[in-house]
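Morning, everyone. Please have the sequence and the 3D view open while I talk. I'll start with one residue and work outwards.

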Amino acid sequence: MFCSFTQKYPPVKFLSEKDRKRILITGGAGFVGSHLTDKLMMDGHEVTVVDNFFTGRKRNVEHWIGHENFELINHDVVEPLYIEVDQIYHLASPASPPNYMYNPIKTLKTNTIGTLNMLGLAKRVGARLLLASTSEVYGDPEVHPQNEDYWGHVNPIGPRACYDEGKRVAETMCYAYMKQEGVEVRVARIFNTFGPRMHMNDGRVVSNFILQALQGEPLTVYGPGTQTRAFQYVSDLVNGLVALMNSNVSSPVNLGNPEEHSILEFAQLIKKLVGSGSEIQFLTEAQDDPQKRRPDIKKAKLLLGWEPVVPLEEGLNKAIHYFRKELEYQANNQYIPKPKPARIKKGRTRHN
């Protein structure tokens, strides 16, 4: 059953008082957070998005502003938050290397102090907390594919450590709060995800390749391009997060697509889908760049009944369509200074 509150909002299910949850999403105006917001809103829950807009954008959730089930708060999770909720999806953190390396101390604070604040909130109000962790906790893995029992191979003082170790500590905090305070926690180890609303300049491989191909620029591959990644479409991830939150699984769960591709294969595929004549340019390899990355998702399949269903090319075509529209939007909305009017002086026209 659907009830439409006003015409401008997407259709929202009606949930009775006992079934409707009050849900907090930190980082809810970001790429993944905004898609999660859409799903939970359309499922009929009351959603509060908290974001400091470091990488999130109001545009990603503006279609819900004014809805009686939706609230948007400009807040940094490094500061405590007092709110009554039933569930907390803790997604707040820059997630792409250029963003998290831009301000490593801030990244560390968000993943440590921010997580402590959210766990404290969960303890106070009796909420369940889901931590959006990352495949980066496995570092440059010596085990392939990576399952949840693998402890990882991380450089604690490398350029990516602010994020990798920040998320590892965040996981530790979750289990300390579970053991000592009885807080219900869920931990999702998220592998490479792509789709609409990715930040155009976030430096991630999908957005980089698509933008370069659309603009006829060389597709930049760092190192030989033999590094592998496994890419999942954002709707698959969102379904996995919701399934995990509402499950009884308190140990970490990998959420990713086990279909593995080399970076070079990926660049060639995007070139083909865009129909681009761009060349592929090889650059120096980035420090501590993992050579192999593929999730073992047996646990998610068995305990959550979850696996990715969106084929890679279908997802890529949606992402390409989104970035094409974004480039058009930018081109049409760029500020072009108006020419100054001609000044008349002694019968001659001069343009300033």
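**One residue, then the rest**

N254 is buried, because its relative accessible area is 0% and the cut-off for buried is under 20%. Keep in mind that this is a predicted model.

Where does N254 sit? It is found in strand 13, which covers residues 253-255. Now, which residues does N254 touch, once we leave aside neighbours within four places in sequence? The list includes Y138, Q146, N147 and E148. R189 and F191 are on it as well. So are P295, D296, I297, A300 and W306. Take D296 from that list. Along the chain, N254 and D296 are 42 residues apart. In space, their C-alpha atoms are separated by 7.0 Å.

Next stop, P295. This proline is in the loop between strand 15 (280-283) and helix 8 (298-304). Is P295 buried or exposed? P295 counts as buried, because its relative accessibility is 1% and buried means under 20%. Again leaving aside neighbours within four places in sequence, P295 is in contact with N254. P295 also contacts P145, Q146, F191 and A230. G256, N257 and P258 are contacts of P295 too. For another distance, take E260. P295 and E260 are 35 residues apart along the chain, and 9.0 Å separates their C-alpha atoms.

A230 was among the contacts of P295, and that is where we go now. A230 is found in strand 11, residues 228-230. Its relative accessible area is 0%, so A230 is buried. A230 and P295 are 65 residues apart along the chain. Their C-alpha atoms are separated by 7.6 Å. Beyond neighbours within four places in sequence, A230 touches N192, N257, E259, R293, R294 and P295.

Another contact of P295 was P145. What kind of peptide bond joins H144 and P145? It is a cis bond, with omega about -10°. P145 lies in the loop between strand 7 (128-134) and helix 4 (161-181).

**Strands side by side**

Strand 7 takes us to strand 8. How many bridges pair these two strands? There are six, and the strands pair in the parallel sense. For one pair to find on screen, L129 stands opposite V185 in strand 8.

Strand 8 covers residues 185-190, and six of its six residues are buried. Here is a general point. In a regular strand, side chains alternate between the two faces of the sheet. Now look at both faces of strand 8. On one side, V185, V187 and R189 are buried. On the other side, R186, A188 and I190 are buried. Both faces are covered. R189 should ring a bell, since it is in contact with N254.

Now strand 3, residues 22-26. Four of its five residues are buried, and this strand is mostly covered. Five bridges join strand 3 to strand 4, residues 46-51, and the two run parallel. Within that pair, R22 stands opposite E46 in strand 4.

**Two backbone angles**

Which sign does phi have at F53? It is positive, about 60°, although F53 is not a glycine. F53 lies in the loop between strand 4 and strand 5 (70-74). At 22% relative accessibility, F53 counts as partly exposed.

R197 also has a positive phi, about 80°, and is not a glycine. Look for R197 in the loop between strand 9 (193-194) and helix 5 (205-214). R197 counts as buried, because 17% relative accessibility is under the 20% cut-off.

**Zooming out**

Let's finish with the whole protein. How many helices and strands are there? The protein has nine helices and 17 strands. Its radius of gyration is 22 Å, close to the 20 Å that the globule rule gives for 352 residues, so the protein is as compact as a globular protein of that length. The C-alpha atoms fill a box of roughly 85 × 50 × 40 Å along the principal axes.

Buried residues make up 51% of the 352. Of the contacts with a separation of 6 or more, 79% are between residues 24 or more positions apart. N254 with D296 is a contact of this kind, at 42 residues apart.

As for the surface, about 17200 Å² is exposed, and carbon and sulfur atoms supply 52% of it. Then the charges. There are 42 positive and 39 negative side chains, and the centres of the two sets lie 9 Å apart.

Technical notes
Residues numbered from 1 in each chain as written. Predicted model: local features only at pLDDT ≥ 70, side-chain atom pairs only at ≥ 80, totals over all residues. Heavy atoms only, no water. Rg over C-alpha atoms; globule rule 2.2 N^0.38 Å. Buried < 20%, exposed > 50% of the residue type's maximum accessible area, 1.4 Å probe, protein only. Contact = heavy atoms within 4.5 Å. Areas by Shrake-Rupley, 256 points an atom, 1.4 Å probe, with all protein chains shown as cover. Lys, Arg positive; Asp, Glu negative; His and termini not counted. Charge placed at Lys NZ, Arg CZ, Asp CG, Glu CD. Pairing = 2+ DSSP bridges.
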